[in-house]
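Open the model in your viewer and keep a selection tool at hand. The stops below say what to select next and what is there.

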Amino acid sequence: MHGAGNGSGHGSGAGHSYAPRAGEGHDHGPGPGDGHGHAPGPGGGHGHSHSHGPAAPVSKHLRKVIAAILIPFSAAVVVGLVVLWPGGAPPHERTGVGFDRQTQQATVSRVVSVSCKSVNASGETPTGDTSTAEGSSAQQQASGTCKKATIRVDTGNDKGRTFTEIVQPDQSRQLHEGEKVVAAYEPSAPKDLQYSVADVNRRFPMALLAGIFALAVVVVGRMRGLMALIALAVSFMVLTFFILPAILQGSNPLLVAVIGSSAIMLIALYMCHGLSARTSVAVLGTLLSLVLIGLLGSEFIGWAALTGNTDDNTGLIHGLYPSIDMSGLLLAGVIIGSLGVLDDVTVTQTSAVWELHEANPSMGWRGLYRAGIRIGRDHIASVVNTLVLAYAGAALPLLLLFSIAQSSVGTVANSELVAEEIVRTLVGSIGLVASVPVTTLLAALVVAADRTGPGSEPATVGAAPAPARTGRGRRRKR
């Protein structure tokens, strides 16, 4: 580290001073957080600084304290992964209901217009009150123009086989020639009825959108963006190969979610932000907040008698795997869903405290906490609003149904389907709110207690340089 000082100098008054870190070598040694800075000094010194990523605290004692907490925690996560690691999802006989169907890829090879009356199976003209939805639909089917689509199966043992699908004029999904679709297959049905169109094949637009997203992240985020994408892929692997199969095998969903979320947290945070004290503090803040979310979620899911079995999909899961604890699955979803936003809050708060300390190294932990919590209050307001609106947007069709039924707010909130979302939102939001003071306090205590050694003083960013001490330069510290 080069700075104005009274050490042996050369040039026009520019002195060089090397201040070794506590328990480490000189600044020129390689390692995480290594850096050197040139501070402006009297007598024609020059000024510039270099920083090599987030720095670990130079205090050996602080690193030992952090390691004493995180190493056992990481070891426990690894042991949990090994003990609960599943051999894959247990097999079952397909029911042919919902997503539990055999499917094949297919293409709409031909579409012709036909009279709805000519393809009416009963051969009779339906009657009814046309002022109702059912009556209006029946009238359209009787007098309107339908489409007769010929679909060719492109995969499986029946590749090349064709079947027909009648599309009603009021049907929300209309088929077009050349369109790629997903065909459901039911082997026990009569041959003419074994295949039917289940959905549209959206693989290409979804893959294209994912590619645009990845490109945008890498172009803007560069290496950090690339590491974030790798961490995202690892997170999906943990979810796909550990969390979901372990729950299906009958392991406790809460325990699986805690271990899986912890593994995702450790991998994602350290991979994206580096192995440093700053990241370690964010990990600790996230861990404490997840514990709070787990305790609150467990208490209120039980108190509100939420079963977690509220729609066709959860009913199908419970029917296929009766041993799964559905309320535990609900709690696992709360924990996993809160993790992503928690990472954002804890990393941001930790970075804010570190930068505040760098800007004003003389500020104690109380001052750092007060300044950091002021930043955190703005973060709380925006994150909580984002979380609530995200859940409201996802449940918009459901809310519209309640609005159409003219149900009161109390009736809507009391229904289990909505109550689940309310508990999920509020428990997650409480954890997010709590993560701000917890993480800010941890970061303030760690960075304020950090010392580079006797006589060293961090550089002040954006302020006049402090007088240099004899034989010591000024150090930028993160």
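Select helix 8 (residues 365-394) and helix 11 (416-449); each of them supplies at least two residues to the lining of the second largest cavity. Helix 8 gives the largest share of that lining, four residues. Keep in mind throughout that this is a predicted model.

To see the cavity itself, show V345, H379, I380, V383, V384, L432, V433 and V436, which line it. Its volume is about 40 Å³. Colour these residues by class, and the lining divides into seven nonpolar, one polar and no charged. A search of the whole structure finds two cavities of 30 Å³ or more, and this is the second largest.

Stay on the two helices and turn to how they pack. The axes of helix 8 and helix 11 come within 9 Å, and they cross at roughly 160°. Angles over 145 degrees count as roughly antiparallel, so helix 8 is roughly antiparallel to helix 11. The crossing is right-handed. Which classes of residue make up the contact of helix 8 with helix 11? There are 19 nonpolar, six polar and two charged residues in it.

Keep helix 11 selected and add helix 6 (312-320) and helix 7 (326-359). These three helices each supply at least two residues of the lining of the largest pocket. Where does the largest share of this lining come from? Helix 7 provides it, with five residues.

Now show D311, T314, E420, E421 and R424, which lie nearest the centre of the largest pocket. They are among the 15 residues that line it. About 410 Å³ of space lies in this pocket. Coloured by class, its lining has five nonpolar, six polar and four charged residues.

The next stop is the second largest pocket, with a volume of about 350 Å³. Show S235, I264, A268, G340 and D343: of the 15 residues lining this pocket, these are the closest to its centre. For the surrounding elements, select helix 3 (203-248), helix 4 and helix 7, which are the ones that give two or more residues to the lining. By class, the lining of the second largest pocket has nine nonpolar, four polar and two charged residues. Helix 7 therefore appears at both pockets, as a contributor to the largest and to the second largest.

For the last stop, keep helix 4 (residues 253-273) and add helix 5 (residues 277-303). Their axes are 10 Å apart, and the two helices pack at an angle of about 155°. That angle makes helix 4 roughly antiparallel to helix 5. Is the crossing left-handed or right-handed? Helix 4 passes helix 5 in a right-handed crossing.

To display the contact, pick M265, L266, L269, Y270 and H273 on helix 4. On helix 5, pick T279, S280, A282, V283, T286, L287 and L290. How many residues of each class are in this contact? It has eight nonpolar, four polar and no charged residues.

How values were computed: Residues are numbered from 1 along each chain as its sequence is written. This is a predicted model: local features need pLDDT of at least 70, side-chain atom pairs count only at pLDDT 80 or more; totals for chains, interfaces and linings use all residues. Side-chain values use heavy atoms; hydrogens and water are left out. Axes are lines fitted to C-alpha atoms, for helices over the stretch in contact, and angles run from 0 to 180 degrees between N-to-C directions. Angles under 35 degrees count as roughly parallel, over 145 as roughly antiparallel, 65 to 115 as roughly perpendicular and the rest as oblique. A crossing is left-handed if the near helix is turned anticlockwise from the far one by less than a right angle, and right-handed if clockwise. Contact means heavy atoms within 4.5 Å. Ala, Val, Leu, Ile, Met, Phe, Trp, Tyr, Cys and Pro count as nonpolar, Asp, Glu, Lys and Arg as charged, and the others, Gly among them, as polar. On a 1 Å grid over the protein atoms alone, a cavity is a set of points where a 1.4 Å probe fits but cannot get out, and a pocket is an open set with protein on both sides within 12 Å along at least five of seven lines; lining residues have an atom within 4 Å of a point. Grid points are joined across faces, edges and corners, and a volume is the space filled by probe spheres set on the points.
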